[in-house]
Amino acid sequence: MALSTTFSVPRGFLAVPARQDSHFASAVEQLHGHKLIQARPLRPRRRPACVSASLSEREAEYYSQRPPTPLLDTINYPVHMKNLSVKELRQLADELRSDVIFHVSKTGGHLGSSLGVVELTVALHNVFNAPQDRILWDVGHQSYPHKILTGRRDKMPTMRQTNGLAGFTKRAESEYDCFGTGHSSTTISAALGMAVGRDLKGGKNNVVAVIGDGAMTAGQAYEAMNNAGYLDSDMIVILNDNKQVSLPTATLDGPVPPVGALSSALSMLQSSRPLRELREVAKGVTKQIGGSVHELAAKVDEYARGMISGPGSSLFEELGLYYIGPVDGHNIDDLITILNDVKSTKSTGPVLIHVITEKGRGYPYAERAADKYHGVAKFDPATGKQFKSPAKTLSYTNYFAEALIAEAEQDSKIVSIHAAMGGGTGLNYFLRRFPSRCFDVGIAEQHAVTFAAGLACEGLKPFCAIYSSFLQRGYDQVVHDVDLQKLPVRFAMDRAGLVGADGPTHCGAFDVAYMACLPNMVVMAPSDEAELCHMVATAAAIDDRPSCFRYPRGNGIGVPLPPNYKGTPLEVGKGRILLEGDRVALLGYGSAVQYCLAAASLVERHGPKVTVADARFCKPLDHALIRSLAKSHEVLITVEEGSIGGFGSHVAQFMALDGLLDGKLKWRPLVLPDRYIDHGSPADQLAEAGLTPSHIAATVFNILGQNREALAIMAVPNA
Amino acid sequence: MPHLAATPPASSAAAVPTAQATAAGRVAFRRPWNTPRLRVRARGVRREDGGGGVRTEEQEQMASRTFYDLLGILAEGSPDEIRVAYRRLALKYHPDVSPPGAAAENTRRFIEVQEAYETLSDPSRRASYDRALARGVCRLAFSGRRSQSHRAYHHHHHHHQEQEEKSGWRRSWEDQIAELKRRSTTKDSEENLSWGARMRRRAEASSAEEL
């Protein structure tokens, strides 16, 4: 996902124009590299951690050529790290860091998070014995150093590409990836399961879960800790605290403090000093308590620890986890000491180690950027400048944000809610325009939905902008808190359908199925960005029941937009016909309409003129449209980028009950196949799914009996 | 104070130097009583000494002492002696029982005694304290910190502040680790009914059987 970043760009270095077209990028890179090798030694300048804002930077602040990594070259698997001294491990960490930067610069991906855990990864693999010892990475986007150290360094150039490494941990990829992640806050639960399983089998391995402070804002983390404290099984939870809760932890105008009360509690933990005086006074209380001295000592320690370490550690202690910290997460000595100590102690129960890191550490541009280079496109390591090919249209996310702002300008009751995804949902724009009407609840989709329901009770018009796959987490709340009570909450589901490099964990395949089966929900999908604006207006106008609309990742197709992005509400339950033809009708839902249009032009060359219709609404269906299409055509094909059980099923249900399938109609629903589509480029994924225009056209030809044309279309893609 | 009153101070036992063998596995160091020691306050700011830095915060005339001196026992004192000595001194110096004029002074002493007892009553902490004494780097206040590895001295101010903060963290987590180790020795006692403890006991039992 490409996020805009605000950072200072070195200007005019050696009179090379600052804006680098992708054509010239590699040449410029070579020029930079050449000059840099001559002009300066191969060490990055050590910069203090403070921000230095200087627009007149003329030098690159990082290597332009990959520096040699002699130590890392000898490490293929964690076992090769066992005999390294601490000094060598530090060197390894540095080499690993530069390796990550150079790999991500070529492939794009998640950078900042990986840089923050380099030392932690090295320490973990040095102390523990993966894969017997289980190491789980929450969300997984920080697992690049882990992948490099566990036998996948040579595959790093394929990161997030078709048939390449996944951007998150994936069990099928390597035995060192114990648990597949992508959504957050799952690792403590999984680790507890692995620990309990180990106990039942009588095993002796360690289980370690690495989870960030952002992921800690999700309820599941507390559910897991609560259970872990109760079961008291030996396991280690490493809380990777870098004060980045939302993505990005910044508005468009600069950083904001992390959302939520927990973050301030965690930061109090960092600043409290051991209050030994207080401890002595607390001990004075022991004489009142009575009991043997050992019990006294234990009680006083319990009491005193709460006083010494601040309220946050008591929270973890209350949940039953033994708290250790805060620990400098960039100091390998400390990390190894602590991990060895904990590992060598028998019967610890669950232990939480609070590690403080800095996202983007070690790469000056990332350290300074507001979004810490969380997700980047390919970039030039020396200057930090990302190569983003200019697009003629904005992303659907941008159009949604603009359309919502346009609605909110005229209706003061419109508010927006998102779950730690201000950048990804575009609601950072909304926040800038209406600072008090945008709510970031942290990674808490369940709460976001019910919170929106509460707002709706008070007559406000809440727009919940949550990715299609993340809304799965709040599904019961959608059913029980919103739909059952018929509260007018609007769901804007971004990243619907296939999402490209993020892969199946982020794929929004199921939202049509799970939304359209709800009795009171209005379900719609725009086929282009103008329709999106209209649907935002439509949703704003639907005030007696919940509604939702889905839109894909990617940019608009370039249709004229309503002025100022202000749409007009559509008539609910009415689709539209885009192309008139005969014999064959393609009824598309959402972005699939564009594939239908392309397929129609492919079919036309050798076959009939095809009717293309845009259903717009899955619920309520446009019955009249479907009846007319079914009665006046021989073939009806529905196309959607969703799983079975969605739009096609609803159409089938209607047609069956209406008697439309009793005649000669040939009816084919095209949906995503019944398997998970691996990460890759969007075009590859679509081909894998069988929903490209060529596939659709071939389906038409096959039904019409024109098998030759079908084969021809498939044999020459994009013919 | 029913608790403390129930066990009258057996000061005689504490004061007599004993020649008994020390507990198994614990190293006892003989120390002449008049070896000079550096003096540091029992409480107050602890500076990070960064591997060879200067001790700070001298106090008014305090004879250089170790915890053993403070409690009035020999370095080889058994845990019982230590406990008894502590109780005696705690009773003597506790702010609640001291005359009003001497309250401040007694409180300070009480806290010193508390700290001494805290260190010496824990076997592992006492062991590291003894080692530090033997090396001659010890003082009245002992935080159980492990020896610092060499670290660079040149920092500019901001970095130095960060270092101070982080070294503060180190003291805190070292304490926590020590406490974890102490806790784990009793964690699987029969009273602990948690699922994990039961499984651990079962695993211990079955591996003991196999041996």
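## A parallel strand pair

In which sense do strand β20 and strand β21 of chain A pair, and over how many bridges? The pairing is parallel, with five bridges linking β20 (residues 633-640) to β21 (residues 666-670) in chain A. This comes from a predicted model, so read everything below in that light.

To find your place in the ladder, look for A:Ile637: across from it, in β21(A), stands A:Arg668. The connection is worth tracing too. Helix α25 of chain A, residues 647-658, joins β20(A) and β21(A) in a β-α-β unit, and the unit is right-handed.

## The largest cavity

How many cavities of 30 Å³ or more does the structure hold? There are six. The largest cavity takes up about 520 Å³, and 33 residues line it. If you want to jump to the middle, go to A:Val139, A:His141, A:Ser184, A:Leu247 and A:Ile443, which are the lining residues closest to the centre.

The lining is a mix: 13 nonpolar residues, 15 polar ones and five charged ones. Where does the largest cavity sit relative to the domains of chain A? It lies between domain 1 (72-279 + 312-376) and domain 2 (396-565), because both of them give residues to its lining.

## An annotated stretch

UniProt has an entry for this chain, an unreviewed one, and it lists residues 394-559 of chain A as "domain: Transketolase-like pyrimidine-binding". In the model, that span is 40% helix and 17% strand. Its two end C-alpha atoms are 11 Å apart.

## Backbone oddities

Most peptide bonds are trans, and most residues other than glycine have a negative phi. A few spots in this chain go the other way, and they're easy to check by eye.

Start with the cis peptide bond between A:Gly325 and A:Pro326, where omega is about 0 degrees. A:Pro326 is part of strand β7 of chain A, which covers residues 322-328. Another cis bond joins A:Lys619 to A:Pro620, this time with omega at about -5 degrees. Here the proline, A:Pro620, is in a loop, the one between β19 (617-619) and α24 (623-632) of chain A.

Then there's phi. A:Lys372 isn't a glycine, yet its phi is positive, near 55 degrees. Look for A:Lys372 in the loop of chain A that runs between α15 (364-368) and β9 (375-376).

Technical notes. Residues are numbered from 1 along each chain as its sequence is written. Chains are lettered from A and ligands numbered from 1 in the order in which they are written. This is a predicted model: local features need pLDDT of at least 70, side-chain atom pairs count only at pLDDT 80 or more; totals for chains, interfaces and linings use all residues. Side-chain values use heavy atoms; hydrogens and water are left out. UniProt positions are given in the numbering used here, feature names are shortened, and annotations may be inferred rather than shown by experiment. Helices (H or I, at least four residues) and strands (E, at least two) are DSSP runs, numbered from the N terminus. On a 1 Å grid over the protein atoms alone, a cavity is a set of points where a 1.4 Å probe fits but cannot get out, and a pocket is an open set with protein on both sides within 12 Å along at least five of seven lines; lining residues have an atom within 4 Å of a point. Grid points are joined across faces, edges and corners, and a volume is the space filled by probe spheres set on the points. Ala, Val, Leu, Ile, Met, Phe, Trp, Tyr, Cys and Pro count as nonpolar, Asp, Glu, Lys and Arg as charged, and the others, Gly among them, as polar. Domain bounds come from an automatic or database domain assignment. Two strands pair if DSSP finds at least two bridges between them. A crossover is right-handed if, with the strands pointing away from the viewer, the path from the first strand over the helix to the second runs clockwise.
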